[in-house]
Amino acid sequence: MIKQNTLTYAFNLKIPGRAVLPCVVLALIFLFITKTLSAQEPPRREIDIDPFIQNLIADPSEEVDYSELYESLFALYADPLDINKATRDELAALMLLSETQLNSFLKYREQLGPLISLYELQAVPDFDLATIYRLLPFVTVHSRTLSLAESLKNPSQHFLIVRSGKLLEKQKGFLPADSGSTASRYNGKPLYGYLKYRNSRAGVYSYGFAMEKDAGEKWWHWNAKRQILGADFSSFHAQIMNRGRIKNLVIGDYQMQAGQGLVMAAGFSLGKGAEVISSTYRSTLGLKPYTSVQESNFFRGVAATFSLSKHFELTTFYSYAKRDATVNDAKDKNPQIASSLPVTGYHRTAGEQEKHNNLPEQNVGTHLLFKLPSKAGQIGFTMLNTSYDIKLQKRNAAYNRYEFVGKHNLVVGLHADYRWQNVHFFGETARSKSGGLGAIAGLIAALGKKFDISLLGRHYDRDFHTFYGNAIAEATRPINETGGYAGFRYAPDRRWKLSAYYDYFKFPWLKYLVDAPSKGYDCYFHVLWKPNKRFNAYALYHQKKKQRNAPADEGEEGLVSTVRKTATIHVEYEKPLRFALKTRLQSGNLAYLKISKSNGFTVLQDISWQFPRLELSARVAYFKTDDYDSRQYVYEKDMLYAFSIPAYYDAGTRHYLMARYAVSKNMKLWLRWSQTRYANLDKISSGLNEIQGDKRSELKAQVMYQF
């Protein structure tokens with residue numbers, strides 16, 4: 001059935017700087033298209049979202065873990081949002097739509113009702129074809145709501161993935177110990193292992209499991225008391241959604257995202273980077289299954305979201321999980337104390353295995369969300385209580401003076417956001433049991449169709465303790481920091497886009513390797529030129545200034561300023577479904593002002609070819625750095641659900657070759673070989689990871705079967 005209000009909407013639109021006639025013509029074209037296509041969808045060919053992810057993290061940093069973002073985007077591509085039911089927060093979390101475009105789409109959907117087809121996106125004001133092409137992999141239109149029984153017979157995602165790989169050179173940890181040596185060695189085989197199964201229907205249900213072992217870890221290792229079930233790490237979830245009052249129910253492993261991430265923040269966060277506007281706002285996405293194999297930052301138990309009324313939602317959950325911990329032995333009258341909670345996920349040696357899942361952790365949490373009747377915003381209350389069986393206390397050091405000490409931590413928070421015209425205000429404040437406060441507030445504004453700005457302020461007390469918070473910060477945790485952020489984006493036309501941000505921060509108390517209060521700034525500038533669909537190029541400049549202890553070998557005392565600079569030129573050309581070329585020149589340096597400076601650069605060439613059943617991808621890179629301080633990070637294309645951002649340092653070459661072959665309609669096979677050759681090294685890495693020689697090679701294989 002064709003909508004009756006389409007023409008009325010087109011005639012009544014008031015779009016600054018745009019004539020009404022094109023909207024009328026577009027609406028008439030849409031009427032013809034929907035009649036002709038009878039609600040069919042654009043052909044959803046398999047889309048390579050690696051370029052999209054690479055552009056999001058144009059300048060990678062070792063301080064950010066992108067693996068959860070990467071997996072979330074791939075999961076969303078495999079199980080896209082129903083655009084007729086997606087909330088504003090879910091659409092905003094895609095980081096594809098501007099504030100103006102979000103407002104236009106939601107107004108269009110409210111006035112004209114559900115979309116008949118994705119072709120109808122062409123009729124939404126402020127949507128251009130480039131935006132629609134970027135959006136298509138992550139959204140769909142369901143013609144009707146399926147029952148649970150129907151959904152189980154028609155899953156939108158049903159697959160099994162098996163992956164393995166190994167380094168071809170021997171690491172010291174796998175070699176026999178020297179005669180008379182007491183040095184430890186890895187207890188498992190040098191093979192990496194990964195197994196993942198998932199069956200789901202977007203908005204209805206999901207269940208699956210994942211298992212992983214790193215090289216050097218045991219494969220079949222059982223210890224139910226420590227939640228070690230076969231593999232070194234295993235995860236399971238079962239979820240149902242939108243069943244009457246039950247909006248979401250998850251049993252097994254899950255995450256929770258609420259507010260701006262001061263209390264609970266799932267892994268879907270970009271932080272500061274190439275997306276200078278929308279990344280400052282954290283969407284309230286609620287519960288989601290945990291499907292990654294990162295061995296931290298998730299809950300394990302049961303959680304549910306209930307729709308109490310049209311405007312109220314209540315989420316409550318309980319979690320009991322075993323965490324890695326460094327625990328001392330009780331001596332005399334001194335009780336056991338956990339001095340650290342490692343998150344590396346490595347359990348290869350006897351010492352690492354001793355820390356594996358040896359600390360029980362319980363979490364009880366709740367989140368109450370009130371959606372304003374005007375649909376202009378929402379207010380939420382969050383509470384999380386975390387308890388351990390033994391006391392947590394970090395080692396006695398000056399910079400740890402205000403860190404958490406004890407067995408129990410309670411953190412409560414209040415968050416809100418409100419939209420007025422094209423301005424979106426948001427903020428959150430939270431208080432931990434220690435009395436420490438955390439607060440974050442900001443706005444995103446669309447100043448016309450070409451200019452967007454984002455402003456953000458934050459303050460985290462030095463004794464603000466949040467174990468599952470991940471709000472925007474310069475440090476890896478929201479603690480001991482005050483800062484202000486300003487970002488802007490200017491698009492004079494469809495070919496050009498200029499983005500920039502400036503972030504000022506200070507740390508009122510000491511930090512690791514910083515023996516006094518310190519401060520710094522972070523500035524970023526990015527220019528994109530895209531004259532047509534096949535070609536695009538961008539240039540970026542990133543500079544970060546921070547203070548840290550002076551190098552001991554220089555005889556200096558106190559703090560010195562360090563400045564890290566990165567400059568990049570990136571050029572891409574693509575012929576869809578045929579081949580793609582990418583060339584990148586990147587340079588960077590780290591300077592201890594008035595003391596020393598380390599320089600580095602890399603140049604690389606990527607190429608990929610697509611054939612009917614085969615895709616080949618390759619890279620050749622040359623790099624040269626003075627030392628490890630000026631190392632270069634560059635994103636690499638990897639197999640599905642795998643992620644790679646290696647560090648290039650010293651001098652040498654890096655190359656890889658990857659093939660993906662469609663064995664049948666249901667089965668795909670990946671093979672990937674990579675190698676780094678160093679010009680000046682005869683020993684790579686150190687400790688048990690040490691490799692004798694000047695090269696490091698890796699071979700990986702993956703099979704995916706779609707049922």
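# A walk from a covered helix to the cavities

In helix 4, the buried residues are S67, E68, L69, Y70, E71, S72, L73, F74, A75, L76 and Y77. That makes 11 buried residues out of 12, leaving this helix mostly covered. Keep in mind as you look around that this is a predicted model.

Stay with helix 4 for a moment. Running over residues 67-78, it reaches 17 Å from its first C-alpha to its last, close to the 16 Å expected at 1.5 Å a residue. An α-helix has 3.6 residues a turn, so residues three or four places apart point the same way. What, then, covers the buried residues of helix 4? The cover includes one helix, helix 3 (50-56), along with a set of strands: strand 1 (81-82), strand 3 (157-167), strand 4 (192-201), strand 9 (246-257) and strand 10 (286-289). Hold on to strand 4, as it comes back further down with one of the cavities.

Next, a pair of loop residues with a backbone quirk. Most residues other than glycine have a negative phi, and most peptide bonds are trans. Q227 has a positive phi, near 60°, and Q421 has one near 55°. Where do you find Q227? Look in the loop that links strand 6 (221-223) with strand 7 (228-230). For Q421, go to the loop between strand 17 (405-420) and strand 18 (423-432). Is Q227 buried or exposed? Q227 counts as buried because its relative accessibility is 16%, and the cut-off for buried is under 20%. Q421, with 61% relative accessibility, counts as exposed.

Further along the chain, follow strand 19 (residues 437-446) into strand 20 (residues 451-460). These two run antiparallel and are joined by nine bridges. One place to check the register is A446, whose bridge partner in strand 20 is D452. The hairpin they form has four residues between the strands, and in it G448 takes a positive phi near 90°. Strand 20 also pairs with strand 21 (residues 481-490), again antiparallel, this time through 10 bridges. Here Y460 stands opposite E481 in strand 21.

Now for the empty space inside. How many cavities of 30 Å³ or more are there? The count comes to four. The largest has a volume of about 260 Å³. It is lined by 24 residues, and the closest to its centre are A92, A93, S278, Y281 and S283. Helix 5 (88-92) and helix 6 (99-112) each supply at least two residues of this lining, with helix 5 giving the largest share, three residues. By type, the lining of the largest cavity splits into 11 nonpolar, eight polar and five charged residues.

The second largest cavity has a volume of about 60 Å³. This is where strand 4 returns: strand 4, strand 5 (205-213) and strand 8 (233-243) each supply at least two residues of its lining. So that you can pick the lining out on screen, here it is: K196, Y197, R198, G208, F209, A210, S235, F236, H237, Y290 and T291. Sorted by type, those residues come to five nonpolar, four polar and two charged. Strand 4 thus turns up in two parts of this tour, among the elements that cover helix 4 and in the lining of the second largest cavity.

Methods. Residues numbered from 1 in each chain as written. Predicted model: local features only at pLDDT ≥ 70, side-chain atom pairs only at ≥ 80, totals over all residues. Heavy atoms only, no water. Expected span 1.5 Å × (residues − 1). Buried < 20%, exposed > 50% of the residue type's maximum accessible area, 1.4 Å probe, protein only. Contact = heavy atoms within 4.5 Å. Pairing = 2+ DSSP bridges. 1 Å grid on protein atoms, 1.4 Å probe; cavity = no way out; pocket = protein on both sides within 12 Å on 5 of 7 lines; lining within 4 Å. Points joined across faces, edges and corners; volume = space filled by probe spheres on them.
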